[in-house]
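Student: I would like to learn how to read a fold from its coordinates. Where do we begin?

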Amino acid sequence: MARIYAGLSTSHVPAIGAALDNGKSHEPYWRPLFQGYEFARQWILDNPPDVVILVYNDHATAFSLEIIPTFALGCAEQFAPADEGWGPRPVPVVKGDSRFAAHIAQSVILDEFDLTIVNRMDVDHGLTVPLSLVFGAPEAWPCRVIPLAVNVVQYPAPTGNRCFNLGRAIRRAVETYPQDLRVMVWGTGGMSHQLQGPRAGLINQPWDNRFLDKIGPDPQSLVQIGHLEYLREAGSEGIELVMWLIMRGALDEKVRTVRRFYHVPASNTAVGHLILENL
Ligand code: DHB
Ligand code: FE
């Protein structure tokens with residue numbers, strides 16, 4: 001049987017990818033950020049996944065404002081790094097798992113979460129920056145990746161509660177897949193940041209740290225946070241944090257936090273990162 005053994009969350013700031021791709025990760029501005037991921041780089045070697053279900057948001061790259069799926073599951077055999085205006089990042093093509101993704105779509109849709117099935121999709125920094133942070137710069141990514149793109153760009157975004165429950169449905173889907181696979185679920189985006197308007201640059205460290213405190217032991221205290229609180233407290237892009245709740249919903253009720261890292265700022269964003277293991 002396939003089994004979820006751990007979850008990982010991380011911000012996905014595009015400037016992190018640019019720093020890596022341009023050889024700047026040892027510069028004073030970036031070094032503390034990349035040092036914060038050294039634990040994850042070793043942990044993932046010791047606890048390698050066969051498949052990562054990678055929850056991220058597309059930033060109007062693969063989906064324009066013409067089509068905006070709330071939850072879109074990547075069912076293709078592979079996903080190319082997207083050109084976001086400066087050419088595609090020089091990172092490997094992302095290999096998917098069509099059969100497993102089709103099973104997840106079948107299970108989750110019959111569980112009444114109406115995913116959009118996507119058979120062709122380029123993946124932007126929301127997906128490739130987390131892979132780079134955790135796996136470095138390999139010739140090929142060391143595992144298969146099933147992208148799950150969540151709309152947090154155009155309102156209405158899904159609620160945190162809906163995301164948490166989708167995570168639970170994903171867990172039921174994984175647990176009914178007959179192949180022996182070690183599966184991780186990653187939730188990306190956040191933490192507090194606002195990229196435009198009079199409050200651009202907003203970062204709310206106490207609010208972020210409360211989110212980091214609660215998501216492992218007490219996710220129920222986070223699922224009711226409404227869109228207005230995300231906007232007010234975590235800035236206009238803080239809503240990306242609902243994607244962490246999909247990751248958390250896919251894990252067991254009780255988890256162990258094996259890694260917690262928080263760093264301000266990377267570009268305009270408060271960077272947060274957790275590894276949670278099922279007990
Ligand atoms: C930044 C952060 C993001 O999450 C994003 O998608 C784009 C930009 C930033 O901090 O610059
Ligand atoms: Fe983003």
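**Reading the sheet, the helices and the metal site**

Tutor: Begin with one strand pair: S9 and strand S10 (residues 269-278) are antiparallel and share nine bridges. Keep in mind that this is a predicted model.

Student: What holds such strands together in general?

Tutor: Strands of a sheet pair through backbone hydrogen bonds, either parallel or antiparallel. Here is a single bridge to look up: Val255 has Asn278 of S10 as its partner.

Student: What is the strand order of the sheet that has S9 and S10 in it?

Tutor: Read it as S6-S3-S7-S2-S8-S1-S10-S9. That is an open sheet of eight strands, and its pairing is mixed.

Student: Which strands stand at the edges?

Tutor: Strand S6 (116-118) and strand S9 (255-266) do. Each has a single partner strand, so one side of each has no neighbour in the sheet.

Student: How much are neighbouring strands turned against each other?

Tutor: By 20° on average, with direction ignored.

Student: Let us look at S1. Which strands does S1 pair with, and in what sense?

Tutor: S1 runs parallel to S8, and eight bridges join them. On that side, Arg3 stands opposite Arg182 in S8. With S10 the pairing of S1 is antiparallel, over five bridges. Ser9 has Leu274 of S10 as its bridge partner.

Student: Is S1 mostly covered or mostly open?

Tutor: Mostly covered. Eight of the nine residues of S1 are buried.

Student: How do I read the two faces of a strand?

Tutor: In a regular strand the side chains alternate between the two faces of the sheet. Now take S3. Phe71 and Leu73 are on one side, Ala72 and Gly74 on the other. All four are buried, and both faces of S3 are covered.

Student: What are the partners of S3?

Tutor: Strand S7 (residues 144-150) runs antiparallel to S3, with three bridges between them. Phe71 stands opposite Val150 in S7. S6 runs parallel to S3, also with three bridges. There, Leu73 stands opposite Ile117 in S6.

Student: Next, the helices. Which strands does helix H3 lie across?

Tutor: Helix H3 (residues 38-46) lies across S1, strand S8 (181-188), S9 and S10. H3 runs at about 30° to S10. Helix H7 (residues 205-215) lies across S9 and S10, at about 165° to S9.

Student: How does H3 pack against helix H5?

Tutor: Look at the angle and the axis distance. H3 and helix H5 (residues 125-135) pack at about 80°, with axes 7 Å apart. An angle of 65 to 115 degrees counts as roughly perpendicular, and H3 and H5 are therefore roughly perpendicular to each other.

Student: Which residues make the contact?

Tutor: H3 supplies Ala40, Arg41 and Ile44. H5 supplies Ser132, Leu133, Val134 and Phe135. By class, the contact of H3 with H5 has five nonpolar residues, one polar and one charged.

Student: Take Ser132, then. Is Ser132 buried or exposed?

Tutor: Buried. The cut-off for that is under 20%, and Ser132 has 3% relative accessibility. Ser132 lies in helix H5. Leaving out residues up to four places away in sequence, Ser132 touches Leu20, Arg41, Arg89, Val91 and Trp141.

Student: Can you give me a contrasting residue?

Tutor: Try Pro206, in helix H7. Its relative accessibility is 64%, and Pro206 counts as exposed because the cut-off is over 50%.

Student: Finally, the metal. Which residues are the protein donors of the iron ion?

Tutor: Read the donor atoms along with the residues. The iron ion (ligand 2) has His12 (NE2), His59 (NE2) and Glu240 (OE) as protein donors, 2.1 to 2.2 Å from it. In sequence the donor residues are spaced H-x46-H-x180-E.

Student: Where do the two histidines sit?

Tutor: His12 is in the loop between strand S1 (2-10) and helix H1 (14-21). His59 is in the loop between strand S2 (51-56) and strand S3 (71-74). They are 47 residues apart, and the pair links distant parts of the chain.

Student: How accessible are His12 and His59?

Tutor: His12 is buried, with a relative accessible area of 3%. His59 has 24% relative accessibility and counts as partly exposed.

Student: How far is Pro206 from His12?

Tutor: Their C-alpha atoms are separated by 20 Å. Along the chain, Pro206 and His12 are 194 residues apart.

Conventions. Residues numbered from 1 in each chain as written. Chains lettered and ligands numbered in written order. Predicted model: local features only at pLDDT ≥ 70, side-chain atom pairs only at ≥ 80, totals over all residues. Heavy atoms only, no water. Donors = N, O, S within 2.8 Å, 3.2 Å for Na, K, Ca; no water. Buried < 20%, exposed > 50% of the residue type's maximum accessible area, 1.4 Å probe, protein only. Pairing = 2+ DSSP bridges. Axes fitted to C-alpha atoms, helices over the stretch in contact; angles between N-to-C directions. Contact = heavy atoms within 4.5 Å. Parallel < 35°, antiparallel > 145°, perpendicular 65-115°, else oblique. Nonpolar A, V, L, I, M, F, W, Y, C, P; charged D, E, K, R; others polar.
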